[in-house]
Amino acid sequence: MSLSIIPFKACFATRFKDLNVAWLEKYFYVEPKDKVLLENCEANIIDKGGFIFFAQYNDEIVGCFALIKLGDGVFELGKMAVDPEYQGLKIGQALLAFAIEFSKQNMWNKIILYSSTKLENALYIYRKYGFKEIEMEENLPYARGDIKMELIII
């Protein structure tokens, strides 16, 4: 498998949006916060101190995720999606492992994520990589989110 994880380039912004919209529409629906982040990911994620990475498989962009800055050393892992044609190849796990290693290299405190208990496979993988369930706050960023998890980095 020829898989590499590459950083954001403006030419991939549309692919970032398309991968996420396809995933959201398969399992849920596109919410207002999704629209804000996806319509202009560079301004709303990158320019605010966050990061976006892509999975490149045999020269195709087949997956992505974002690390959205919440505060000093605290980032939200979000907008992770893998093209349905490439699911089952452990690309999502490769993206997650990369996100964790990137966080360690940057000496961040923790990564948090919001998910849904409907996504049993995703929750299993998050737990496998060390994420623990924590208490949800009020006024959640996403209606679909009914579980919050964190991974303490340092």
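**The largest pocket and the aromatic pairs**

The largest pocket holds about 880 Å³ of space, where a pocket is an open set of points on a 1 Å grid over the protein atoms alone, places where a 1.4 Å probe fits, with protein on both sides within 12 Å along at least five of seven lines, and the volume is the space filled by probe spheres set on those points, joined across faces, edges and corners. This is a predicted model, in which local features need pLDDT of at least 70 and side-chain atom pairs count only at pLDDT 80 or more, while totals for chains, interfaces and linings use all residues. Residues are numbered from 1 along each chain as its sequence is written, and side-chain values use heavy atoms, with hydrogens and water left out.

The lining (residues with an atom within 4 Å of a point) comprises 35 residues, and W23, M80, L119, A122 and Y126 lie nearest the centre of the pocket. Strand 4 gives the most to this lining, seven residues, with strands being DSSP runs of E of at least two residues and helices runs of H or I of at least four, numbered from the N terminus.

Turning to the rings, the whole structure has 18 aromatic pairs, counted for Phe, Tyr and Trp (its six-membered ring) when the centres lie within 6.5 Å. F16 and F54 have ring centres 6.2 Å apart and planes at 80°, so this pair is edge-to-face (planes over 60 degrees apart; under 30 is stacked and the rest tilted). The pair links helix 1 with strand 2, 38 residues apart in the chain. F16 is buried at 0% relative accessibility (under 20% relative accessible area, 1.4 Å probe, protein chains only), and F54 is also buried, at 0%.

Methods:
Buried means under 20% relative accessible area, exposed over 50%, partly exposed in between (1.4 Å probe, protein chains only).
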